[in-house]
Amino acid sequence: MNSHSPQFFMSEALRLAEKALFTTSPNPRVGCVIVKDNEIIGRGFHEKAGESHAEVIALKEAGSQSEGSDVYVTLEPCSHKGKTPPCVDALIEAKVKKVFIAMQDPNPLVSGRGIQKLKDAHIEVELGVMEAQAQLLNMGFISRMTKQLPYVRAKLAVSLDGKTALHNGKSQWITGDAARVDVQYWRASSCAIITGIGTVVHDNPKLSVRLYEHARQPLRVVVDSELNIPLAADILHEKPLLIAYANDKQKKLPQLKALGVECLQLDDSGKVDLTSLLKELAKREVNEVWIEAGEGLNGAFLKANLIDELMIYYAPVILGSEAKGMFTLPAYENLENKITTTLLDHRWVGQDLRMRFKLK
């Protein structure tokens, strides 16, 4: 019998965790496998908040064979009672021999406590097996727990000359079908989608998830400083929906509330306070934010240093010098003021090139 490495079994636990990519928020994505005599005897992943955690499901499948087994879990087992009992107690009760953990839980209610409880019960613990891969699965949860802010990705569909829309604001469609399908994947894995009033006026989007049957619909957020949103806009009929505004110059607040739309005032000198908006979303347990907006709002988020990652789809087209750019930013006089990024990934999506950049 070939002996498999800890990475082999943790890879399976990570694969299981990814099954809940569209469903598990606000909780982290967690997978677990139980191994005995070099064979997997139990598998589990946490699908939805309030339902059984990965370790409990895997233990149930393994049954009495769990005693003396090795457990591979992508996140430190919880040690506090939330909507479900502590997983660490279930592992101790099952008398497992060793627990391999990919990453420590960033939740201050848990961090380190589950590991210590296992050690106190004389269960061996190995931390850090495929830690980087586990962190990638839960960037939003980590950000919310450590910074009290969601992880923010900004999506841009651009031409080869870096334009996002024609001079009149029209932008449908710059990229091809494959890129739009790819966007559906990222929408589905996000807890909230933010757009600006300009995009609503010019494109009338719904910003809904259409291709994944079991995915929950993300919270749609419209940044509309003066409540200029047309009352006939399609997005007003999408739920859940939040409009962030600074002032009601158009006197639409009563009409919007009559439509059942939640409006949140976050005034910063006549503009929506974007930092306060993200902090509010974090309080609402939003882990990941996806921005689909124009150059004005993209620039405002970038200038405020609130974007973690750029997702840029380059289409093989040219729109011309009068078309709209990616970001509205002040003119820089020195190269020292430039915004630097790190390339995370690049790949072809149909005819378009998708590039992911991490903001420094």
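**A cavity between two domains**

The largest cavity in this predicted model is lined by T24, S25, N27, P28, R29, L137, N138, F141, C191, N287 and E288. Sorted by character, that lining comes out as four nonpolar, five polar and two charged residues. The space inside amounts to about 50 Å³, and a search of the whole structure turns up one cavity of 30 Å³ or more. Both domains have a hand in the lining: domain 1 (6-138) and domain 2 (148-359) each supply at least three residues.

That takes us to the domains themselves. The domain assignment splits the protein chain into domain 1 (6-138) and domain 2 (148-359). Their centres, taken over C-alpha atoms, sit 35 Å apart. Eight residues from domain 1 and 11 residues from domain 2 make up the contact. Between β6 and α6 (139-147) there is a loop, and Q148 is found there. Q148 is not a glycine, yet its phi is positive, near 60 degrees.

Next come the sheets, starting with the one made of five strands. This sheet is open, runs in the order β2-β1-β3-β4-β5 and has mixed pairing. β2 (39-45) and β5 (124-127) are at the edges with a single partner strand each, so one side of each has no neighbour in the sheet. From one strand to the next, the twist averages 15 degrees.

Both kinds of pairing can be picked out in this sheet. β1 and β2 run antiparallel and are joined by six bridges, with V35 standing opposite I40 in β2. The two strands form a hairpin with two residues between them, and D37 in the turn has a positive phi of about 55 degrees. Strands β3 (residues 70-75) and β4 (residues 98-103), on the other hand, run parallel and share five bridges. Here V73 is set opposite I101 in β4. Helix α1 (residues 6-18) packs on the sheet and touches β1 (31-36), β2, β3 and β4, its direction making about 145 degrees with that of β1. The loop between α1 and β1 holds P26. The peptide bond leading into P26 from S25 is cis, with omega near 10 degrees, and S25 has already come up as one of the residues lining the largest cavity.

The other sheet has nine strands. It too is open and mixed in its pairing, and its order reads β10-β9-β8-β7-β13-β6-β14-β16-β15. At its edges are β10 (262-265) and β15 (341-349), each pairing on one side only. On average, and with direction ignored, neighbouring strands here are turned by 20 degrees against each other.

At the β10 edge, four bridges link strand β9 (residues 241-245) to β10, and the two run parallel. Y245 stands opposite Q265 in β10. The loop between β8 and β9 contains P240, and a cis peptide bond connects K239 to P240, with omega near 0 degrees. Helix α11 (residues 295-303) lies across β6 (151-158), β7 (192-196), β8 (219-223), β13 (288-292) and β16 (352-359), and runs at about 115 degrees to β7.

How values were computed. Residues are numbered from 1 along each chain as its sequence is written. This is a predicted model: local features need pLDDT of at least 70, side-chain atom pairs count only at pLDDT 80 or more; totals for chains, interfaces and linings use all residues. Side-chain values use heavy atoms; hydrogens and water are left out. Two strands pair if DSSP finds at least two bridges between them. Axes are lines fitted to C-alpha atoms, for helices over the stretch in contact, and angles run from 0 to 180 degrees between N-to-C directions. Contact means heavy atoms within 4.5 Å. On a 1 Å grid over the protein atoms alone, a cavity is a set of points where a 1.4 Å probe fits but cannot get out, and a pocket is an open set with protein on both sides within 12 Å along at least five of seven lines; lining residues have an atom within 4 Å of a point. Grid points are joined across faces, edges and corners, and a volume is the space filled by probe spheres set on the points. Ala, Val, Leu, Ile, Met, Phe, Trp, Tyr, Cys and Pro count as nonpolar, Asp, Glu, Lys and Arg as charged, and the others, Gly among them, as polar. Domain bounds come from an automatic or database domain assignment.
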